[in-house]
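Open the model in your viewer, keep the whole chain in the display for now, and have a selection tool ready. The tour goes from one selection to the next and says what is found at each stop.

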Amino acid sequence: MSTTLLTDEFDQLTIGTLSANVGAHTEYHFLPEAAPKGNWGVACFASGGDRGLAWHVASHEGKNIVAQTIENKHKHTHPMLNAGDFLWEDYTLTVSFTPQEKKGQNGVVFRYHNNRCYYFFGFCDDTLSLIKRQHDKTYRDPNEDILASQPCDWTPGETYTATVTIKGTHIHATLEDVATLEADDATWPKGKIGLMADNPTQYHNVTVTTEDVETFNVHREKREKELDDLREQNPKPVLWKKFSTEGFGVGRNLRFGDLTGDGVPDVLIGQVYHHGPRDAYCEISCLTAMNFDGDILWRVGEPNPENNHLTNDVGFQIVDVDGDGKNEVVYCMNFEIIILDGATGQVKHRAPTPQSYPPADKFPHILGDSLFFCDMRGQGHKGDILIKDRYWRFWMLNEKLEVQWEDEIRTGHYPFAMDIDNDGKDELALGHALYDHDGTQLWNIENTLQDHIDGVAIGNFNAPDDGPLTILYAGSDSGIFFADLDGNILKHHWIGHGQNPALLNLRADLPGLQVVSINFWGNQGILHFYDKDGNIYHDAEPNPFGSMCLPINWTGDGTEYFVHNPNPRWGGLFDGWGRSVVQFPDDGHPDMCNAVLNVTGDCRDEIVVWNPNELWVYTQDDGPKTGKLYNPIRNSMSNYSNYQATVSMPNWTK
């Protein structure tokens with residue numbers, strides 16, 4: 001007996017775009033306008049001009065339709081909507097659609113595993129095709145297998161009905177009055193459905209039915225029970241403090257650190273002025289220092305509520321740059337790099353930012369895309385200051401803001417430093433290159449790889465056992481790859497636009513540490529999980545958002561989670577299987593941004609959530625806890641970035 005899993009004529013959707021022009025904001029902000037609407041989520045935010053605006057709900061002959069409205073010129077990503085459940089297995093999909101041009105791929109998707117792994121049925125130029133899509137073979141080179149195809153004479157502007165029936169490994173796909181294609185393939189045994197079009201196409205209705213709803217119901221009930229049990233075992237988030245930032249608040253542009261010397265973290269809020277174009281030229285316009293009681297400690301510049309958004313990094317940090325045991329604030333403003341006393345906000349030192357070079361030569365001096373602090377001279381504190389422009393050049397300064405050395409490379413977004421040769425001085429990983437403490441470039445593999453590095457980290461993936469150091473790279477459209485200290489690539493995964501990775505202990509049942517990464521441009525929202533050897537052991541696509549994937553020591557038992565976003569429905573704390581095992585309460589809290597730090601109680605982490613108007617802090621409902629607790633060692637808070645690769649190394653309280 002046939003059971004309907006989904007039927008939609010789009011009459012419950014509101015006329016307009018299915019997603020706002022979100023752009024880079026959803027790399028690390030939760031924006032409700034990018035969330036699924038009705039049954040449908042926008043599976044791919046392109047990196048071109050549409051920025052999520054490809055899909056619209058419109059009225060046609062008195063009925064709602066869903067229309068894809070742009071020309072997609074990419075082959076590695078396609079405008080796509082998805083709906084349904086990843087547990088759907090054997091079903092029949094029926095879709096009526098009207099493609100407008102004989103270009104690209106226009107049709108339907110089934111057994112959607114994620115927005116890069118699925119089956120497609122529909123028109124490919126003048127051919128009717130049945131295609132299996134997997135991850136890329138190399139850079140932007142999609143791995144597509146044509147399972148069946150047939151040349152056909154079809155007319156743009158006419159409406160066609162596609163029916164796909166899948167049972168086990170067998171696929172039976174019919175385009176009414178055109179042709180039938182069949183194939184057998186076991187690659188994707190279950191998955192959602194989707195609508196996909198490279199060119200303007202109208203979709204009129206969708207129906208999904210199954211002959212075996214009992215199997216689906218059993219699997220769904222098992223999944224929900226497992227999730228309920230996991231959530232019951234974990235501490236619940238409870239509000240610790242909240243305060244207003246209205247008028248001077250921001251999106252994801254906060255820094256945390258002890259400004260007053262009392263041993264308690266404070267908050268530094270950085271508003272930004274955009275010189276344009278896009279996010280290549282911006283600098284701090286106002287700094288507001290606060291404690292977690294909501295008291296303003298000091299302020300530099302004038303607050304402006306219009307300067308609250310950011311889609312990149314900007315140069316400001318909290319750091320003890322002179323090694324006196326007290327933190328300073330270092331920031332870039334008005335083409336200067338300035339050092340302030342952390343407690344008072346008084347200027348201690350200032351100097352012009354470095355001279356700019358082509359192609360970043362809109363101004364005589366750089367604005368300072370980001371700041372990074374390290375110990376290249378072996379002083380025992382982070383007195384060496386790396387400042388960079390957007391993508392092309394960087395400079396190493398001392399605590400007097402004097403240039404020590406510089407280089408021109410494809411910098412990527414944010415570096416990582418550690419003493420890898422045990423000489424008491426840091427080495428620097430930036431872009432595709434590794435530098436010795438004195439600025440000697442040890443190697444650079446950028447000529448062998450496309451795109452820039454979004455994040456890089458170095459760590460012992462075998463921890464807590466001894467093992468060699470490995471370099472983790474999030475290479476944008478070059479995916480995720482792992483290298484040794486000589487620059488030899490050990491593993492390379494062409495998973496699309498990989499970014500925001502973290503190295504942490506996600507799985508108690510696996511040896512060593514694991515890595516989680518997330519996709520964004522072209523194919524956002526896919527989580528990949530890697531074992532200590534760099535092999536993918538799992539992937540998931542819980543929602544269509546980017547995320548920082550920040551490790552969080554929530555339970556103190558030795559296994560960490562990561563925060564995806566703070567939304568009560570789409571966010572939460574996720575485990576090593578991509579499950580939201582801790583949910584945020586539906587209490588009206590801000591859900592645009594989040595950060596993780598230990599700010600109260602025991603050594604476990606709290607979650608800071610905020611938007612431009614207010615900031616809330618959550619802690620555990622079972623705290624504070626005593627006894628032996630997990631207390632991982634992380635990246636220094638003096639190097640905080642929207643592009644950081646986070647390392648969380650095993651450590652316990654005594």
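A residue is called buried when its relative accessible area is under 20%, exposed when that area is over 50%, and partly exposed in between. Please also keep in mind throughout that this is a predicted model.

**The whole chain**

Begin with the entire chain in a cartoon view, where the secondary structure comes to one helix and 50 strands. The radius of gyration is 26 Å, close to the 26 Å that the globule rule gives for 654 residues, so the chain is as compact as a globular protein of that length. If you align the view with the principal axes, the C-alpha atoms fill a box of roughly 80 × 55 × 50 Å.

Switching to a surface display, you are looking at an accessible area of about 24200 Å², of which carbon and sulfur atoms hold 47%. Beneath that surface, 59% of the 654 residues count as buried. Among the contacts with a separation of 6 or more, 58% are between residues 24 or more positions apart.

Now colour by charge: the chain carries 50 positive and 94 negative side chains, and the centres of these two sets lie 1 Å apart.

**Salt bridges**

How many salt bridges does the chain hold? The count comes to 29 when a side-chain nitrogen of Lys or Arg has to lie within 4 Å of a carboxyl oxygen of Asp or Glu.

Select Arg 133 and Asp 136, which form one of these salt bridges, with their closest N and O atoms 3.1 Å apart. Arg 133 counts as buried because its relative accessibility is 1%, and Asp 136, with a relative accessible area of 9%, is buried as well.

Move next to Arg 377 and Glu 399, whose side chains meet in a salt bridge with an N to O distance of 2.5 Å. Arg 377 lies in the loop between strand E26 (370-374) and strand E27 (384-388), while Glu 399 lies in the loop between strand E28 (393-397) and strand E29 (403-408), so the pair ties together parts that are 22 residues apart in sequence. Arg 377 is partly exposed, as its relative accessible area is 32%, and Glu 399, at 24% relative accessibility, counts as partly exposed too.

A further pair to display is Arg 604 with Asp 602, where the side chains meet in a salt bridge at 3.1 Å, N to O. Are these two residues buried or exposed? Both Arg 604 and Asp 602 are buried. To see how such pairs can be linked, select Glu 71, Glu 101 and Lys 103, which salt bridges with shared partners join into one network.

**A glycine and its contacts**

Centre the view on Gly 576, in the loop between strand E44 (573-574) and strand E45 (580-582). Gly 576 counts as buried because its relative accessibility is 0%. Leaving aside residues up to four places away in sequence, Gly 576 touches Leu 506, Arg 507, Phe 529 and Tyr 537. Add Asn 505 to the selection: Gly 576 and Asn 505 are 71 residues apart in sequence, with their C-alpha atoms 8.7 Å apart in space.

**Backbone details**

The last stops concern backbone angles, and a general expectation helps in reading them: most residues other than glycine have a negative phi, and most peptide bonds are trans.

Select Pro 358 and Pro 359, which are joined by a cis peptide bond with an omega of about 5°; Pro 359 is found in the loop between strand E25 (347-352) and E26. Another cis peptide bond, with an omega of about 15°, joins Ala 463 and Pro 464, and Pro 464 sits in the loop between strand E34 (455-460) and strand E35 (469-474).

For phi, go to Asp 177, where the angle is near 65°, a positive value in a residue other than glycine. Asp 177 is in the loop between strand E13 (170-175) and strand E14 (179-184), and Asp 177 is exposed, with a relative accessible area of 81%.

Finish at Ser 476, also a residue other than glycine with a positive phi, here near 55°. Ser 476 has its place in the loop between E35 and strand E36 (480-483), and with a relative accessible area of 0% Ser 476 is buried.

Key. Residues numbered from 1 in each chain as written. Predicted model: local features only at pLDDT ≥ 70, side-chain atom pairs only at ≥ 80, totals over all residues. Heavy atoms only, no water. Buried < 20%, exposed > 50% of the residue type's maximum accessible area, 1.4 Å probe, protein only. Helix = DSSP H or I, 4+ residues; strand = E, 2+ residues; numbered from the N terminus. Rg over C-alpha atoms; globule rule 2.2 N^0.38 Å. Contact = heavy atoms within 4.5 Å. Areas by Shrake-Rupley, 256 points an atom, 1.4 Å probe, with all protein chains shown as cover. Lys, Arg positive; Asp, Glu negative; His and termini not counted. Charge placed at Lys NZ, Arg CZ, Asp CG, Glu CD.
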